[in-house]
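Hi,

Here's the structure I said I'd pass on. Have a look, and my notes follow below.

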Amino acid sequence: THLAGQYRDDADVFVAGDHLIYPVEGDSKLRQAPDVYVAFGRPKGDRGSYKVWEEGGVFPQVVFEVWSPNNRYGEMQSKFAFYEKHGVEEYYIIYPEAPMYAEAYRRDGDRLARVEEVNGYVSERTGLRFALNKGELT
């Protein structure tokens, strides 16, 4: 992904997508598969899934979800609650339908607080600046 190319080859940043994240050892039913996630402080390398207990207890800090017509509101609420509970620092929902739209959330204590203006927002973790221009998100 383009996001993976943002970091030096020797940086401990793992970027993946459509992997199951398992936060609790022994509970294979508790899991989510975000569209893209970023785990800082974790080495690059192949993984079939992301098991937090095998990753030094590090839950991915940044998660991106892309809304599709197949998503249901309840499912997205459940995902949000999962990431909020397990400590994600930044959570983004991208709505690719025209006009393109995005929501951003960042950790505020034990909850995720919505960022009021995504256009021009700079992610503290990734350094990415979001721009909504002519119906496109860059």
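First, a term: two strands count as paired if DSSP finds at least two bridges between them. Helices (H or I, at least four residues) and strands (E, at least two) are DSSP runs, numbered from the N terminus. By that rule β7 (residues 101–108) and β8 are antiparallel partners, joined over four bridges. Within β7 and β8, D108 sits opposite R111.

Some housekeeping: this is a predicted model, so local features need pLDDT of at least 70 and side-chain atom pairs pLDDT 80 or more, while totals for chains, interfaces and linings use all residues. Numbering starts from 1 along each chain as its sequence is written, and side-chain values use heavy atoms, with hydrogens and water left out.

Now the wider sheet. It is open and mixed, with six strands in the order β1-β3-β5-β6-β7-β8. β1 (13–16) and β8 (111–114) are at the edges with a single partner strand each, so one side of each has no neighbour in the sheet. On average, neighbouring strands are turned by 15° against each other, direction ignored. Helix α1 (residues 73–86) packs on this sheet and touches β5 (62–66), β6 (90–95), β7 and β8 (contact: heavy atoms within 4.5 Å). The direction of α1 makes about 160° with that of β6 (axes are lines fitted to C-alpha atoms, for helices over the stretch in contact; angles run from 0 to 180 degrees between N-to-C directions).

What supplies the largest share of the lining of the second largest pocket? It's α1, with four residues; β6 and β7 each supply at least two.

Cheers
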